[in-house]
Amino acid sequence: MSKVGQIFFRANSRHGLWTIPLLVAICCCAGLAAATADFVSRQNVLNLFAQAAPLILVSIGQMIVILVKGLDLSVGSVVSLTTGILSLNAPVYVTVPAAMLMAAVVGLLNGVAVTRFRVHPIIATLSIMGITQGAAMFVRPSAGGTVASEIVALVSGQLFGIYMPVIWTIVAILFGWKIVHASRFGLHLFAIGGGETAGTFGIAERRNVLAAYVLSSCFAAAAGIFLAGRIASGDPNIGTQYAVDSITAVALGGTQLAGGIGSLHGTLIGCGLLSLIANGMNLLNVSAFIQTVVKGAILLLVIALQPRKNIGL
Amino acid sequence: MTSRSSLFRAALRIPPSCIVFVVLLVTLWVLRPNMMNPAILGTFARQVVPLGIVVLGQLLVISSRSIDLSAGGIILLVNYLISSGLLYSWPLLPIVLLCLGVGLAVGLVNGLLVGKRRASAVIVTLAINIVLIGLVEYLANGKPPGDVPAEFHALYNLRFWTIPAPVMFWIALAGIMSAFLGVSVFGRFVWSIGSNPTSAHFSGVPVERTVVIAHVISGLMSAVAALVQTSSIAVGSVRFGPELVMNSIAATILGGVVFGRPAEVWGPFVGVLCFALLFVVMTTMGVQEPGKLIVQGLIILLAAIFYGLRSKSN
């Protein structure tokens with residue numbers, strides 16, 4: 001393959017990142033800036049960050065689980081349940097720890113089911129999703145309630161002249177970078193996802209996979225806190241889209257669903273691309289239903305371009 | 001000791017659905033003895049016929065180590081086709097054939113992407129599902145669609161010796177599927193892929209083709225389920241909960257078919273009946289929607305853990 005071909009069509013072996021998503025993202029940006037006057041306005045850029053921040057949070061967690069050959073379908077229901085807990089009539093220092101504790105327990109249940117009882121990740125997280133969604137609808141049957149003003153301020157204000165959604169995004173990225181690319185745990189994630197032999201080299205497979213699921217749920221809870229601050233109330237269905245969206249974003253970013261190959265920057269590009277497409281279609285007044293169709297079509301295309309060894313799940 | 005452990009193993013071999021079914025039946029008998037007559041139980045069974053037919057496809061797909069999450073989208077699309085009035089002047093048979101064709105086509109797309117492109121089945125069928133749902137909602141444009149032709153409803157309400165026609169149809173379909181899996185070469189292929197895909201491949205089993213065919217059958221079954229579902233509600237609807245897909249997976253696992261287990265029809269069949277009883281028991285006990293979700297999730301998890309333990313002891 002020619003040099004140009006290598007750059008454009010071959011994925012980096014560890015990161016799996018193609019140049020194509022990056023190019024598509026840049027083209028989207030340029031196209032939208034040209035097509036709509038509002039695109040580069042300060043308000044729209046801020047909206048873009050506010051839309052992307054929760055997706056980035058959920059996707060980082062999703063990527064950590066996918067790296068160890070897993071999948072977490074319960075993230076969306078954790079987001080919903082978190083907004084439900086935060087909208088309860090209680091002070092912040094009770095609701096926020098309660099929400100994080102809930103997320104840790106959900107992650108622990110996922111992890112224990114997958115590692116101890118060898119339940120397939122999809123089945124395990126699907127059933128836990130049902131339980132968590134049920135709990136979310138129990139805590140808050142329909143959208144409503146009020147979230148403490150501290151959380152609203154944490155999301156909508158400014159700090160040192162920087163808007164809060166931007167700060168959330170940066171903190172999420174730094175945190176994700178530390179975990180995935182700058183820690184022993186991150187290296188172990190790649191090793192476990194890469195092959196069957198990780199255990200032979202003294203890597204505690206079970207413990208690390210368990211930690212991956214707990215982290216994924218906690219990231220989802222953080223996204224829930226952000227969203228609760230944005231809408232200033234609780235909503236049992238606000239998280240529904242995040243399971244599919246986060247998988248789409250992670251897959252777009254070159255992370256292989258078979259595990260062991262992926263990167264944080266790839267996931268960020270995937271999130272950015274997905275948010276750009278959604279934002280652009282909103283600006284161009286595309287129907288919400290067509291947006292769903294487009295999202296599904298992108299997911300199909302990306303997945304069809306990721307051939308694997310095994311057939312099936 | 002040996003006799004006890006072999007007894008334990010024999011107990012493990014019974015699908016959990018049978019145990020759950022007996023427990024639920026006894027619960028209902030204690031709570032509402034007057035419900036224990038064939039006419040009422042037949043009506044309960046009739047409500048889960050669409051689920052039961054989806055499960056017939058799902059068990060094939062799950063047994064060949066894949067999964068089909070697109071049933072909801074197919075049901076929505078078929079329901080829209082029938083109730084939107086687009087085909088109002090058409091006679092019954094072409095409508096039915098068109099709907100079955102839709103199911104076949106979606107199943108084929110799923111199958112080709114999963115089998116030939118080797119894409120992840122969860123993602124493919126999930127994506128197809130959201131594409132179909134988005135499409136139908138866009139076409140329907142938020143309006144509830146019109147009426148379903150009267151023939152459908154008449155057929156649905158038919159009863160033979162107090163047994164509702166849809167239930168008879170379901171039992172017949174399950175019988176055909178069971179015989180097909182037992183007799184045909186395709187059934188053996190599914191069985192061997194379920195046991196071990198690698199050794200199946202090296203034994204000359206066409207793994208790709210079998211997975212594609214399993215997905216096509218699953219799509220077809222979803223379309224058949226959609227026809228039954230549509231005739232049951234008599235008017236069009238744009239809302240079908242995703243719970244149908246989740247329940248179909250739950251019933252399949254409850255029936256003892258998990259990834260890499262040989263396909264078996266009657267275990268999941270009883271699993272679907274469990275759901276019929278479960279809805280009734282929970283409704284009589286006043287459990288609301290959140291409680292139902294939690295119970296369903298718990299059932300899937302426990303059944304899967306049960307099988308995880310069993311595969312570990314083997």
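Colleague: In this predicted model, how much area do chain B and chain A bury between them?

Modeller: The structure discussed here is a predicted model. Of the area buried between chain B and chain A, 81% lies on carbon and sulfur atoms. The contact involves 44 residues of chain B and 43 residues of chain A. The area that the two chains bury between them is about 3800 Å².

Colleague: Which three residues of chain B supply more of the area buried against chain A than any other three?

Modeller: Together, the three residues account for 16% of the area that chain B buries against chain A. They are B:R118, B:I123 and B:I130.

Colleague: Which helix of chain B gives the largest share of the side that touches chain A?

Modeller: Helices of chain B that each supply at least two residues of this side include α6 (92-116), α7 (121-140) and α13 (243-254). The residues of the side divide into 30 nonpolar, 7 polar and 7 charged. The largest share amounts to 14 residues, and the helix that gives it is α15(B).

Colleague: How many salt bridges are counted between chain B and chain A?

Modeller: Side chains of opposite charge can pair when their charged atoms come close. Across this interface the rule also finds 0 residue pairs in polar contact, with both residues at pLDDT 80 or more. For salt bridges between chain B and chain A, the count is 0.

Colleague: How far apart in sequence are the parts that the salt bridge of A:D245 and A:K295 ties together?

Modeller: Over all chains the count comes to 3 salt bridges. In one of them, the side chains of A:D245 and A:K295 meet at 3.4 Å, N to O. Because A:D245 belongs to helix α11 (residues 242-252) of chain A and A:K295 to helix α13 (residues 288-304) of chain A, the parts tied together are 50 residues apart in sequence.

Colleague: How are α9(B) and α12(B) oriented to each other?

Modeller: Helix α9 (residues 165-183) of chain B packs with helix α12 (residues 207-233) of chain B at an angle of about 170 degrees, their axes being 12 Å apart. Residues making the contact include B:F169 and B:L173 of α9(B), and B:M221 and B:V224 of α12(B). By class, this contact has 9 nonpolar, no polar and no charged residues. Angles over 145 degrees count as roughly antiparallel, and α9(B) and α12(B) are therefore roughly antiparallel.

Colleague: How are α8(A) and α9(A) oriented to each other?

Modeller: The axes of helix α8 (residues 164-181) and helix α9 (residues 184-194) of chain A come within 5 Å and cross at roughly 60 degrees. Among the contact residues are A:I179 of α8(A) and A:F190 of α9(A), and the contact as a whole divides into 5 nonpolar, 2 polar and no charged residues. Given the crossing angle, α8(A) and α9(A) are therefore oblique.

Technical notes. Residues are numbered from 1 along each chain as its sequence is written. Chains are lettered from A and ligands numbered from 1 in the order in which they are written. This is a predicted model: local features need pLDDT of at least 70, side-chain atom pairs count only at pLDDT 80 or more; totals for chains, interfaces and linings use all residues. Side-chain values use heavy atoms; hydrogens and water are left out. Axes are lines fitted to C-alpha atoms, for helices over the stretch in contact, and angles run from 0 to 180 degrees between N-to-C directions. Helices (H or I, at least four residues) and strands (E, at least two) are DSSP runs, numbered from the N terminus. Angles under 35 degrees count as roughly parallel, over 145 as roughly antiparallel, 65 to 115 as roughly perpendicular and the rest as oblique. Contact means heavy atoms within 4.5 Å. Ala, Val, Leu, Ile, Met, Phe, Trp, Tyr, Cys and Pro count as nonpolar, Asp, Glu, Lys and Arg as charged, and the others, Gly among them, as polar. Buried area is the accessible area (1.4 Å probe) that two parts lose on being put together, summed over both. A salt bridge is a side-chain nitrogen of Lys or Arg within 4 Å of a carboxyl oxygen of Asp or Glu. A polar contact is a pair of N or O atoms within 3.5 Å; within protein, one must be able to donate a hydrogen and the other to accept it, and residues adjacent in sequence count only if both atoms are side-chain atoms.
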